[in-house]
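Colleague: I would like a close look at one part of this model, the aromatic side chains and how they pair. Please then set that part against the rest of the chain.

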Amino acid sequence: MAELRPSGAPGPSAPPAPGPAAPPAFASLFPPGLHAIYGECRRLYPDQPNPLQVTAIVKYWLGGPDPLDYVSMYRNVGSPSANIPEHWHYISFGLSDLYGDSRVHEFTGTDGPSGFGFELTFRLKRETGESAPPTWPAELMQGLARYVFQSENTFCSGDHVSWHSPLDNSESRIQHMLLTEDPQMQPVQTPFGVVTFLQIVGVCTEELHSAQQWNGQGILELLRTVPVAGGPWLITDMRRGETIFEIDPHLQQERVDKGIETDGSNLSGVSAKCAWDDLSRPPEDDEDSRSICIGTQPRRLSGKDTEQIRETLRRGLEINSKPVLPPINPQRQNGLTHDRAPSRKDSLESDSSTAIIPHELIRTRQLESVHLKFNQESGALIPLCLRGRLLHGRHFTYKSITGDMAITFVSTGVEGAFATEEHPYAAHGPWLQCQAAPWGPSKLQERQAPEVHRLFPQLHHKGESVTRESSQELPHHSCLSPVSC
């Protein structure tokens with residue numbers, strides 16, 4: 001639960017924001033991390049020392065459900081001459097370390113990130129006659145913060161969030177989010193590390209799909225050029241009824257399609273509902289991991305395998321260098337060098353990933369044929385996998401959200417993969433790799449056969465053979481099952 005109050009009013013567990021002439025004794029009691037962020041807010045809004053603020057009644061560190069201690073809401077007059085409309089500016093407090101006493105975040109020094117290293121912001125177009133900011137964006141920010149705290153995965157500029165519902169629970173077409181740097185908020189150096197500000201940008205489904213097929217930064221730049229779709233400061237208008245491609249049809253062909261063809265996609269993997277079976281031969285017993293299906297108890301990935309999959313996804317973003325899969329090295333310690341605190345968990349790390357290391361994880365097995373299963377949304381990304389990744393000599397990973405397993409598609413240009421042209425299907429425990437040979441980047445041509453069929457020439461859907469002509473429709477079905485390339 002949360003309550004709405006002016007930030008200068010006494011709260012249940014936090015003092016009011018101190019003014020420029022706050023008594024030294026009072027200022028010393030004020031949480032230093034919170035004080036530093038308030039300083040940046042006051043730089044932007046000197047005339048609003050006490051904005052309305054949504055605050056968690058029971059703080060997260062006292063067992064409450066809301067990770068953000070506060071969300072402040074400011075009125076920004078914009079700049080009509082620069083196509084920046086008047087809007088509400090929301091700023092979170094709690095993803096960074098506000099207190100420095102380890103009640104929420106572990107202190108790791110002043111040079112690194114504070115807490116998760118960022119706070120969220122959101123800019124919502126002010127409706128005519130609106131005298132107070134709506135509070136639903138605060139709950140939206142709390143939802144994103146819960147994901148960060150529960151998964152310990154951080155956000156970066158250019159990331160996208162598939163929400164699949166109007167952000168304000170209306171009938172709006174704005175149902176997903178992109179993330180970018182806030183155009184006004186500058187990074188803040190606090191006593192507990194650096195805090196940056198990531199702005200949430202509401203987008204339509206078609207814009208989200210384009211961000212997936214190409215990249216988030218490219219779509220954000222397009223949104224900046226269309227005033228009614230965001231403008232220079234990427235202000236979200238929940239009443240926007242048209243996508244940028246409906247407003248300017250040339251954007252799709254001249255910018256997005258050309259960008260995909262030239263740059264490919266920087267989306268290197270997703271968490272998905274997926275599974276795979278080894279059809280080479282039936283499993284010998286219940287302990288044999290050759291058959292891994294949805295609904296069965298999956299094998300756990302070892303720490304070194306989990307680390308390699310994480311690096312697979314992370315290195316997939318390095319689109320200007322030659323794609324390389326890191327080698328499996330049992331001597332390497334679990335964990336990577338990141339900008340955030342070592343205690344933070346990476347996106348693919350399992351709570352018990354290092355607890356069980358079955359015998360079959362020690363060796364890599366070559367398979368003769370495999371059966372892949374994807375849900376509808378995951379299957380819809382297979383054309384992205386080919387067009388935006390494999391055609392450009394990269395790789396793409398599906399990490400199961402229902403079990404500790406993964407499927408990685410690799411092209412012939414990816415070094416370090418254990419799937420090769422000679423053995424295109426290889427498994428290392430529950431991690432399957434599928435080599436696109438002999439359809440590597442030099443031979444995968446979009447204008448020839450449909451993309452999906454060129455990677456999987458023998459397709460079955462619900463037990464029936466799928467023709468080449470109908471394979472383009474497969475992503476719309478609930479199960480995509482390529483069999484025996």
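Modeller: Phe374, Phe396, Tyr398 and Phe409 are linked into a cluster by ring pairs. The model is a predicted one, and the protein in it has eleven helices and 21 strands. In total, 15 aromatic pairs are found in the structure. One of them has Trp61 and Tyr99 in an edge-to-face arrangement, with 5.5 Å from centre to centre and 70 degrees between the planes. Trp61 is in the loop between strand 2 (52–56) and strand 3, and Tyr99 is in the loop between strand 4 and strand 5, so this pair ties together parts that are 38 residues apart in sequence. Tyr99 is buried, at a relative accessible area of 13%, whereas Trp61 is partly exposed, at 23%.

Within the cluster, Phe374 and Tyr398 form a tilted pair, 4.6 Å centre to centre with 50 degrees between the planes. Phe374 belongs to strand 14 (residues 370–374) and Tyr398 to strand 15 (residues 395–400), so the pair ties together parts that are 24 residues apart in sequence. Both Phe374 and Tyr398 are buried.

Arg103 involves both rings of the loop pair. Arg103 lies over the face of Trp61, 4.4 Å from the ring centre, and also over the face of Tyr99, at 3.9 Å from the ring centre.

Charged side chains make links of another kind, and the structure holds 16 salt bridges. Among them is the one between Glu86 and Arg126, at 3.5 Å from N to O. Glu86 sits in the loop between strand 3 (70–76) and strand 4 (87–93), and Arg126 in the loop between strand 5 (113–125) and helix 3 (136–151), so the salt bridge ties together parts that are 40 residues apart in sequence. Arg126 is buried, with a relative accessible area of 18%, while Glu86 is partly exposed, with 25%.

Arg173 and Glu206 form a salt bridge as well, their closest N and O atoms being 3.2 Å apart. This pair links distant parts of the chain, 33 residues apart: Arg173 is in the loop between strand 6 (160–162) and strand 7 (176–181), and Glu206 is in helix 4 (residues 205–213). Arg173 is partly exposed at 27% relative accessible area, and Glu206 is partly exposed at 35%. Salt bridges with shared partners also join Asp66, Glu139 and Arg146 into one network. In that network the closest N and O atoms of Arg146 and Glu139 are 3.1 Å apart. Arg146 counts as partly exposed at 22% relative accessibility, and Glu139 counts as partly exposed at 44%.

Helix 4 appears again in the packing of helix 7. The buried residues of helix 7 pack against helix 4, helix 5 (216–225), helix 6 (244–247) and helix 10 (382–389). In helix 7, the buried residues are Leu251, Val256, Gly259 and Ile260. The 14 residues of helix 7 (residues 250–263) should span 20 Å at 1.5 Å a residue, and its end C-alpha atoms are 18 Å apart, which agrees. Gly264 follows helix 7 and has a positive phi, near 75 degrees.

For the protein as a whole, buried residues make up 53% of the 485 residues. Of the contacts with a separation of 6 or more, 68% are between residues 24 or more positions apart. The accessible surface comes to about 21,400 Å², and 50% of it belongs to carbon and sulfur atoms.

Terms used: Residues are numbered from 1 along each chain as its sequence is written. This is a predicted model: local features need pLDDT of at least 70, side-chain atom pairs count only at pLDDT 80 or more; totals for chains, interfaces and linings use all residues. Side-chain values use heavy atoms; hydrogens and water are left out. A salt bridge is a side-chain nitrogen of Lys or Arg within 4 Å of a carboxyl oxygen of Asp or Glu. Helices (H or I, at least four residues) and strands (E, at least two) are DSSP runs, numbered from the N terminus. Buried means under 20% relative accessible area, exposed over 50%, partly exposed in between (1.4 Å probe, protein chains only). The expected span of a helix is 1.5 Å times one less than its number of residues. Contact means heavy atoms within 4.5 Å. Accessible areas come from the Shrake-Rupley method with a 1.4 Å probe; for residues, only the protein chains shown count as cover. Rings of Phe, Tyr and Trp (its six-membered ring) pair if their centres lie within 6.5 Å; planes under 30 degrees apart count as stacked, over 60 as edge-to-face and the rest as tilted. A charge sits over a ring if NZ of Lys or CZ of Arg is within 6 Å of the ring centre and within 35 degrees of the ring normal.
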